[in-house]
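User: Got a minute to go through this one with me? I'd like to talk about the backbone.

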Amino acid sequence: MAHKSQPHSFGSIGVRTPLVVPGQRIGVMGGSFNPPHEGHLIVARTALKRLQLDWLWWLVTPGNPLKTHDDLAPLNARMSAIRAMTSDPRMVLTSFEDQLATPYTAATLAFLKLRYASARFVWIMGADNLATFHRWQRWRDVATAMPFAVVDRPGWRLRALASPAARILEKYRIDEAHASELPLCQPPAWTFLTTRLSPLSSTELRSRRLAIVAEKPRPDIETVKIAAI
């Protein structure tokens with residue numbers, strides 16, 4: 001079945017999202033994906049399988065409000081890169097957050113819950129996000145908007161589970177053996193999923209790219225002048 005989009009309004013703004021059918025289990029994995037890499041794909045695949053989702057949305061954001069945007073690739077370029085690396089038809093690519101005129105997850109989840117109250121949404125994040133979750137704007141609203149799943153990332157497990165947000169929300173944590181029940185839980189509810197780890201990170205990949213550009217040999221000035229003549 002084709003996964004078409006449908007328009008909705010949030011305030012006075014028309015917002016187009018992927019199609020939502022009542023009762024569907026939908027994982028929402030937001031991020032700048034600058035660039036996307038194997039680690040993101042592992043998180044998406046793990047969430048699909050362990051949470052028994054119908055769909056996994058890659059929600060490509062305009063930019064993380066906690067990070068600088070100096071080296072942020074254009075939205076269309078990041079979406080094209082994700083499209084090139086995904087083949088599972090259950091993975092849906094969307095950038096509707098750009099139409100909400102806000103970069104904050106709390107507002108995004110409020111919009112989804114308002115428009116699709118009968119859907120079973122789960123917010124998906126990596127362990128590195130949980131480690132800094134307490135710094136997000138209205139993070140408690142995010143935690144109570146919908147259940148969320150945290151997928152392990154190399155080097156982040158201990159820091160994530162020892163973070164302020166994790167300690168505060170510990171009593172709402174569901175054992176990962178029962179992760180498939182998470183989409184049916186009333187928030188606050190969350191789980192931590194262990195999985196195969198990839199050492200790749202977007203920050204590292206951007207650093208490599210910049211290093212390659214910096215090391216690229218520059219043509220001799222005189223040679224350029226002769227060629228121009």
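**Sheet and loops**

Analyst: Let's start with one pairing: Leu56 has Met91 in strand 5 as its bridge partner. Keep in mind that this is a predicted model.

User: How many bridges join strand 4 to strand 5, and do they run parallel or antiparallel?

Analyst: There are 4 bridges between strand 4 (residues 55-60) and strand 5, and the two run parallel.

User: What's the strand order in the open sheet?

Analyst: The open sheet has 6 strands in the order 5-4-3-6-7-8, with parallel pairing. Strand 5 (91-94) and strand 8 (190-193) are the edges, each pairing on one side only. On average, neighbouring strands are turned by 25 degrees against each other, direction ignored.

User: And which strands does helix 3 touch?

Analyst: Helix 3 (residues 105-115) packs on the sheet and touches strand 3, strand 4 and strand 6. Its direction makes about 160 degrees with that of strand 6.

User: Switching to loops: what kind of peptide bond joins Asn34 and Pro35?

Analyst: A cis one, with omega about 0 degrees. Pro35 sits in the loop between strand 3 and helix 1. Pro187 and Pro188 are also joined by a cis peptide bond, with omega about 5 degrees.

User: What about phi of Phe33?

Analyst: Phi of Phe33 is positive, near 50 degrees, in a residue other than glycine. Phe33 lies in the loop between strand 3 and helix 1.

User: Is Phe33 buried or exposed?

Analyst: Buried, because its relative accessibility is 4%, and the cut-off for buried is under 20%.

Methods. Residues numbered from 1 in each chain as written. Predicted model: local features only at pLDDT ≥ 70, side-chain atom pairs only at ≥ 80, totals over all residues. Heavy atoms only, no water. Pairing = 2+ DSSP bridges. Axes fitted to C-alpha atoms, helices over the stretch in contact; angles between N-to-C directions. Contact = heavy atoms within 4.5 Å. Buried < 20%, exposed > 50% of the residue type's maximum accessible area, 1.4 Å probe, protein only.
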